[in-house]
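User: I would like to learn how contacts, burial and sheet pairing are read from a structure. Could we work through an example together?

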Amino acid sequence: MAKQDYYELLGVAKGASADEIKKAYRKMAMQYHPDRNQGDKDAEHKFKEINEAYDVLKDEQKRAAYDRFGHGAFENGRGGAGGGFGGFDFGGGGGGFADIFDEMFGEFMGGRRGGGGGASGRGQDLRYNLEIGLEEAFKGTTANVRVPSTVACDSCSGSGAAAGTQPVTCPTCQGHGKVRAQQGFFTIERTCPACHGQGRVIKDPCKSCGGAGRLRKEKTLQVNIPAGVEDGTRIRLAGEGEAGLRGAPPGDLYIFLAIAPHPIFQRDGANIHCRVPIPMTTAALGGMVEVPTIEGSRTKVTVPPGTQSGHQFRIKGKGMSVLRSQQRGDMYIQAVVETPVNLTKKQQELLREFDTAGKEGSHPQSEGFFAKVKELWEDLKD
């Protein structure tokens, strides 16, 4: 009995979109699902047919083949014009129709969909996380890092062949790295299974590296960190990744920087912020305070009389270095007025005398706040 057309089975036009096909399939699958039609052999058969149709039409490659060759595209052992594909399988196994499309159109579609790395054997890139201090980020520094990696084998100079021998041309592909096979009216080109695309094979492998041309080893590298780097900066060391397979180019090493928290300074881009406690008497009467700077020196800040907590002082050019520049950011000092503790009796008496002798307007913030509170209470009483 001839199979029904897949499009007719799902009730869609031949030019239907993928969404239309999916919608039609869901509707019919719910209608003929065995759970809804228990004991109905016809419904069970119909359910299998619509699943078979959807399995083909949802896949672009299978659908293209079906549109051209009909059901014959999936029937084994039928050659000739308009016939089947000579046993090609559309599933995930080797030698399938999907593999043929990958081989034929892979370069145009952005490469193969799966599988291992390329035949070049280039070494893998490596990542190393390095934490530095804020002062090191300001000045720049040189750090020594120890990286577990692979290096070229000294015994065979990275060739993978034993001393006195050399890799020879692969007899399977004659050095091309690929082999061709004729299947029906298709010519299939694949990576050579003997040399894995290298074009050469090793008859007498190096005993030190087993023919890989590289060995696992920890290496120490010196990393130059420029002044002004920020948290998350990435530094690339070209060619310092893993060694390539049998003399292939090495990968790169990427250093990712993290800047440790500082006990005094907080960084904001090129600027630095610092909270500085100021004695109550200095804040009230005015004076000078010394504050540290990121370069390790000190600088004096003039505190005007009546300075309040939270007031900021800006010191130009005392912030962080700017990467690849001679410029520097600014430093912001935030005043934190300190209330004295552990007072002597004499100090307590002096403060009470000061409080008693106080005049209106000497505490503008608190006086203004409680004046507003008083107004609010009076409004509530009314």
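Analyst: Contact means heavy atoms within 4.5 Å. Please note that this is a predicted model.

User: Which residues does Thr150 touch, not counting residues up to four places away in sequence?

Analyst: Thr150 lies in strand E2, which covers residues 141-152. Its contacts, with residues up to four places away in sequence left out, are Arg214, Leu215, Arg216, Lys217, Gly241, Glu242 and Ala243.

User: Is Thr150 buried or exposed?

Analyst: Buried means under 20% relative accessible area. Thr150 has a relative accessible area of 8%, and therefore counts as buried.

User: How does Met280 count at 33% relative accessibility?

Analyst: The class between buried and exposed runs up to 50%. Met280 counts as partly exposed because its relative accessibility is 33%. Met280 belongs to helix H7, residues 280-285. On the surface, Met280 joins Leu351 and Phe354 in a nonpolar patch, whose accessible area together is about 270 Å².

User: How should a sheet be read, and in what order do the strands of the open sheet stand here?

Analyst: In general, strands of a sheet pair through backbone hydrogen bonds, in either a parallel or an antiparallel manner. Here, 4 strands form an open sheet with mixed pairing, in the order E10-E11-E15-E14. Strand E10 (265-268) and strand E14 (312-315) are the edge strands, each pairing on one side only. From one strand to the next, the twist averages 30°.

User: In which sense do E14 and E15 pair?

Analyst: E14 pairs with strand E15 (residues 331-338) in the antiparallel sense, over 4 bridges. For Gln312, the bridge partner in E15 is Gln334.

Conventions: Residues numbered from 1 in each chain as written. Predicted model: local features only at pLDDT ≥ 70, side-chain atom pairs only at ≥ 80, totals over all residues. Heavy atoms only, no water. Pairing = 2+ DSSP bridges. Helix = DSSP H or I, 4+ residues; strand = E, 2+ residues; numbered from the N terminus. Axes fitted to C-alpha atoms, helices over the stretch in contact; angles between N-to-C directions. Patch = residues over 30% accessible without salt bridge, like charges linked within 9 Å, V, L, I, M, F, W, Y side chains within 5 Å. Areas by Shrake-Rupley, 256 points an atom, 1.4 Å probe, with all protein chains shown as cover. Salt bridge = Lys/Arg side-chain N within 4 Å of Asp/Glu carboxyl O. Buried < 20%, exposed > 50% of the residue type's maximum accessible area, 1.4 Å probe, protein only.
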